[in-house]
Amino acid sequence: MLLSFEEFQTFEPQRETYALFGYPLGHTMSPDLHAALFAATGRDADYIAVTVPPEKLADALALAREKLTGINLTIPHKKAVIPLLDEVDPSAADLHSVNTVAFRDCKAIGFNTDILGFAESLEKDGISLRGKKVLLLGYGGAAAVMAYHCLCEGASLYISGRNLEKADALRDQLVEVLPGAKCFTCTRRRIPRDIQIVLNATPLGMFPHEDKSPLYFLPHKVSYVFDAIYNPPVTALMKLANPKRTKTRDGLFMLVMQAARAQTIWYDAQFADAACDSILRRMYGQMARKRLHDKYHKRSIALCGFMGSGKTTVGRKVARLTGLPFIDLDRYIEAQEGMTIPEIFAQHGEPYFRDLETKYVTEISAREEGCVLSLGGGTVLRPENVEAIKRTGLLILLDTPFFRIVKNLSHSTNRPLLEKEDKLAETRRLYQMRKPIYDQVADCRVRSPRLGEVVERTLKSI
Ligand code: NAP
């Protein structure tokens with residue numbers, strides 16, 4: 001729920017309620033994210049977003065003390081709220097930045113959980129900062145948080161950006177509260193060659209300007225890249241990394257964990273790793289659906305690929321995570337025709353089945369409501385099918401390695417096209433014939449032998 005300040009003045013909470021204060025507040029993932037976290041702990045609580053103009057912050061905080069159990073703050077209130085609070089946690093005070101307030105014993109106490117979200121992102125990837133040479137791009141709010149954690153953990157930090165005076169100001173602020181910290185600034189031309197970790201805290205590369213990157217190449221010793229951006233989930237900076245040498249992470253886990261830690265502060269919520277991972281996957285699903293609309297102007301996701309490539313299994317999971325309905329084209333045809341695919345082939349032959357495919361794929365693609373559509377292995381061989389699918393859907397190729405396809409098909413008995421003496425030779429022949437067509441028609445391609453990875457990569461490919 002998004003409320004104006006005036007609406008918040010008359011708002012009557014129905015149960016324990018938390019809120020995000022910001023100005024302006026466009027699309028924010030916070031209410032959905034907190035709702036998912038409340039669900040994970042079984043907490044019966046609401047989370048609302050309130051547009052609070054800067055001059056109304058003191059009034060809004062006074063109202064929040066009466067009506068709410070805790071609040072989050074975003075731009076432009078993180079610093080301005082500090083003089084209005086009764087107590088401030090030492091790290092939030094060092095950073096002059098509070099993003100979480102808990103109301104306890106008639107006191108308003110400020111914390112910064114962005115630090116915890118960033119720290120847990122690195123921890124998840126097994127990254128130790130002690131003694132590492134770290135390059136930080138940017139010197140704004142997110143940069144300050146990331147810099148503070150790096151310095152507390154004993155890294156040598158180099159802050160860079162388009163305005164060196166502002167970078168110097170952040171360094172001075174940090175060195176004042178962390179005496180002896182190894183913090184330096186550098187222009188983009190003087191980045192040390194032996195940097196090991198790169199952190200992006202600028203909006204460069206964020207949707208819709210996804211081709212922008214704060215660097216043109218990574219120093220050759222870089223083994224980890226963290227980008228605070230989460231739309232897109234794979235940024236231009238992350239794409240510079242060689243996946244064999246360099247791990248990468250986008251900012252979505254940081255976002256999830258800063259919210260989880262706010263709930264820990266508010267009511268001592270404890271989250272198992274699996275619960276956070278599950279919420280993270282759902283957030284990737286929501287992000288994929290948002291990008292499907294915003295970037296591609298589509299409403300459906302269609303999965304193509306050879307038979308046995310995992311389209312049905314992956315499609316079902318992608319549908320659950322994006323909240324879109326799932327349709328398996330083969331099962332849909334069977335339900336409409338009242339016959340199994342082998343029966344249709346046996347009674348009417350392949351051309352008849354292909355005509356049915358065209359009829360139903362056109363029908364499904366024209367639906368107002370989007371879906372995740374798992375196509376048959378041969379559906380995209382007809383150009384008119386591809387045209388119908390792409391009118392409303394993004395076509396993603398599951399480029400499953402051939403050995404995995406063979407394994408997946410080894411127990412399959414309902415594939416009329418493979419009913420030949422030498423099933424393996426026929427599978428290879430068909431695969432080699434169809435593969436160039438899949439490559440040509442697909443908008444995006446996902447390749448991994450592991451099913452668990454394919455679902456996440458499919459969402460991130462959007
Ligand atoms: P901010 O306080 O406004 O700082 C932005 C920084 O980026 C400043 O150093 C700014 O430098 C620099 N910058 C902006 N436009 C630039 C450009 N065109 N070229 C070079 N530098 C540019 O913003 P913030 O709150 O730190 O957010 C920064 C990024 O982190 C955003 O993408 C935000 O979405 C993300 N973020 C993610 C999380 C998370 O949980 N994952 C949390 C917070 C923020 P100038 O001052 O010179 O413009």
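**View 1. Leucine 255 and its neighbours around the ligand.** A backbone N or O atom of leucine 255 sits 3.5 Å from an oxygen atom of the ligand. Keep in mind that this is a predicted model. Two side chains also reach ligand oxygens: a polar side-chain atom of arginine 162 is 2.6 Å from an oxygen atom of the ligand, and for lysine 166 the figure is 2.8 Å. On its own the ligand would expose 910 Å², and the protein buries 72% of that.

**View 2. The shell around the ligand.** Here we pull back to take in the 19 residues that surround the ligand, with Tyr139, Ala142, Arg162, Lys166 and Gly251 as the closest. Sorted by character, the shell has 12 nonpolar residues, five polar ones and two charged ones. Helix H7 (141-152) and helix H10 are the elements that each give two or more residues to this shell.

**View 3. The largest nonpolar core.** Now for the greasy part. This core counts 52 residues, and Leu33, Ile301 and Ile396 are the members that touch the most others in it. Helix H10 (residues 252-267) puts in the most, with 11 residues. A second, separate core has 33 residues, including Ala302, Phe306, Tyr438 and Ala442.

**View 4. Isoleucine 301 up close.** Skip the neighbours within four places in sequence, and isoleucine 301 is still in contact with Leu292, Val318, Thr322, Leu324, Cys371, Val372, Leu373, Leu394, Ile396 and Ile462. Ile396 turns up in that list, and like Ile301 belongs to the trio that touches the most other members of the largest core.

**View 5. Aspartate 399, a buried acid in a loop.** Aspartate 399 counts as buried because its relative accessibility is 3%, and the cut-off for buried is under 20%. Its place is the loop between strand E17 (393-398) and helix H17 (402-409). The side chain of aspartate 399 makes a polar contact, at 2.9 Å, with the side chain of arginine 445. Beyond four places in sequence, aspartate 399 touches Tyr431, Lys435, Arg445, Val446 and Arg447.

**View 6. Zooming out for context.** The whole protein chain has 19 helices and 18 strands, and its C-alpha atoms fill a box of roughly 80 × 55 × 35 Å along the principal axes. Of its 462 residues, 54% count as buried. The chain exposes about 21500 Å², with carbon and sulfur atoms supplying 51% of that. Among contacts with a separation of 6 or more, 70% link residues 24 or more positions apart.

How values were computed
Residues are numbered from 1 along each chain as its sequence is written. Side-chain values use heavy atoms; hydrogens and water are left out. A nonpolar core is a set of buried Ala, Val, Leu, Ile, Met, Phe, Trp, Tyr and Cys residues joined through side-chain atoms within 4.5 Å. Buried means under 20% relative accessible area, exposed over 50%, partly exposed in between (1.4 Å probe, protein chains only). Helices (H or I, at least four residues) and strands (E, at least two) are DSSP runs, numbered from the N terminus. Contact means heavy atoms within 4.5 Å. A polar contact is a pair of N or O atoms within 3.5 Å; within protein, one must be able to donate a hydrogen and the other to accept it, and residues adjacent in sequence count only if both atoms are side-chain atoms. A residue is near a molecule or strand if one of its heavy atoms lies within 4 Å of it. Accessible areas come from the Shrake-Rupley method with a 1.4 Å probe; for residues, only the protein chains shown count as cover. Ala, Val, Leu, Ile, Met, Phe, Trp, Tyr, Cys and Pro count as nonpolar, Asp, Glu, Lys and Arg as charged, and the others, Gly among them, as polar.
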